[in-house]
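Q: Could you walk me through reading a few side-chain features in a model like this one?

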Amino acid sequence: QIRGIGERGQFDEPLNASVGLIIDGVDLSGIGAAATLFDVQQVEILRGPQGTLYGANALAGLINIVTPSPSDEFTSSVRLDAGDYGAFGAGAVVSGPLGDSAGYRISAQRYRDDGFIDNDFSGRENTDNQDERTVRAKLVWHAGVTDWKLSLGYIDVDNGYDAFSLDNNRTTLSDEPGFDRQETAFGALSMNWDVSAALTFEGSVAHADSDIDYGYDEDWTFTGFDPIGYTSTDRYIRDRQTTTLEGRVLSKPGAGLFNGNWDWVAGVYALDQEVDLQRRYTFLAAPFASEFEIERRALYAEVSAPLAAGLRLTIGARWERHEAEYADSTAVDLDPDNNLFGGRVLLEWEMDRGGLLYAGVTRGYNAGGFNTDGTLPADLIEYDDETLLNTELGYKARLWDGRLNLRAALFYMQRDDIQIATSVTRATTADPNGPVEFIQFRGNATEGFNRGLELETDLQVTDQLRLFANAGWLDTEYDSFVNGEGLVQPSREQAQAPSYQFFAGGDYALTERLSLRLELEGRDEYFFSDSHGLQSDAYELVNASLTYRTDHWQVRLWGRNLGDEDYFVRGFFFGNDPRDFYTDRGFTQLGEPRQFGLSFQADL
């Protein structure tokens, strides 16, 4: 979720992600389990619609993860992690040159823990475990006037999924605990070509192949738990392949239009994606199967021109053609297409004392689509494009001889035809106390808004003490929409959009080698979903770490959620407990309890 916009699940197909995810140039939007963070150089969070340079799948923003480049000299390091709840991780990195014009970097890690759930039926403590492997490699080389980069990655996630209890605690009774597996291999080849003294060409091709397997025990209990209880499992198996191709020409600094003052970029973009889904559900006579293909083709351009001393205007636009084909085993056959438009106008003023003041308007979009999960009325099968107009005023500065970094942003996002993810439950048998089918679907509200204020500060108080504080205030609303029962839902706050969030703390050097870090994070209450009124309570969490460093190694003792606060991260509202005759009520998933660990890292 960025600024209150995003997706919370992948039950339905197709999924149009509102937050884009890029890892070393590879588009992995919608499958965030690939974003493991071992040996990562930086994580860029681009907030608001990226309607010029990225397009669809970035209505709310974009997460860009960049791994380190090869080092100029040979280096190697290892990292070990251990903690309670069976946590253990081991990773290693090697990097160095290959001759005078090339270099490489290879990293690998495995991490696992038992999770925080006790399954009383099986007597196991690891039915909600994590087991994740990451391997990445990067090769760069220079040939004449061209620089090349090859990035490769492999992610193998084999996690358990046993997160919900009829009693809303960390003790489950599932006789068929679920799983959340993903195996992704990806790669990207990019080049930077100095075409002339005035022009640079940047090109890239990327591909990702993912096998995703998600299943769960739908009744959350064991056979025979209750005389009127039911038994069922639900499983979603996906084979997803994504290929992107991009080429763009841009002016070099000082070599643009009109005597070199106008910088510009123009590019083309293509994305092809295929997703094959098989759903194995107890109450289906046969497995449900679907095939889904997307083709996106885009043209974009942007120009940046000085208006006066320190004042610069940027204007960009993007046109995108979005075509989809869908067919499934229930004889549904759809092939919608859309023409989508985005862009931005940005005015920046570099102030005399080093600050940057900016004002801009950005238009983003998300393609329309169709609902394929379960049995829905015909008028709820398709939904329309969503468009978003973001108006933003911001300030960035580095003050007090660089000791204070400050960022502030005030934004207002007007949303039209808001795509709302909601759900409905339908009986699967004639028995009124029998099992129900949980159907996810997406619809449109007429309009709404997301507006807020963001503040970020980082202050080096003394040589020993550094303080930081980030806070966001958010106000959201959507107009009425039609739910899965065909009823009009009144306007209210949007789901997953707390009114405030904050993260603050400090680093203090106790000695030359020993340092202490304290963190406080929190958020306001918020609705779990747009389909019901269940809310998370407001909460605050305290984290801390103690680090000892030498020239070649460091060890860190850390603790998260030191107050052992109970807080909720997911919530549903339906009937799933035979003890109360399947009366609709709230079910919640608890976040991580208090956890301690030790991390060791050494250069070899």
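Q: Where does Tyr548 fall between buried and exposed?
A: Under 20% relative accessible area is buried, over 50% exposed and in between partly exposed (1.4 Å probe, protein chains only). Tyr548 has 35% relative accessibility, so Tyr548 is partly exposed. Trp553, at 35%, counts as partly exposed. This is a predicted model, where local features need pLDDT of at least 70 and side-chain atom pairs 80 or more, while totals for chains, interfaces and linings use all residues. Residues are numbered from 1 along each chain as its sequence is written, and side-chain values use heavy atoms, leaving out hydrogens and water.

Q: How many aromatic pairs are there?
A: Phe, Tyr and Trp rings (six-membered ring for Trp) pair with centres within 6.5 Å; planes under 30 degrees apart are stacked, over 60 edge-to-face, the rest tilted. The count is 25 aromatic pairs. Phe121 and Phe222 have ring centres 4.9 Å apart and planes at 15°, so they are stacked. Phe121 is in the loop between strands S8 and S9 and Phe222 in the loop between S13 and S14, so the pair ties together parts 101 residues apart in sequence. Tyr548 and Trp553, with centres 5.8 Å apart and planes at 40°, make a tilted pair.

Q: What does the side chain of Asn159 reach?
A: Polar contacts are N or O atoms within 3.5 Å, one able to donate a hydrogen and the other to accept it; residues adjacent in sequence count only through side-chain atoms on both sides. The Asn159 side chain reaches the backbone nitrogen of Asp131 at 2.7 Å and makes a polar contact with the Glu132 side chain at 3.2 Å. Asn159 is buried, at 12% relative accessibility.

Note on methods: Helices (H or I, at least four residues) and strands (E, at least two) are DSSP runs, numbered from the N terminus.
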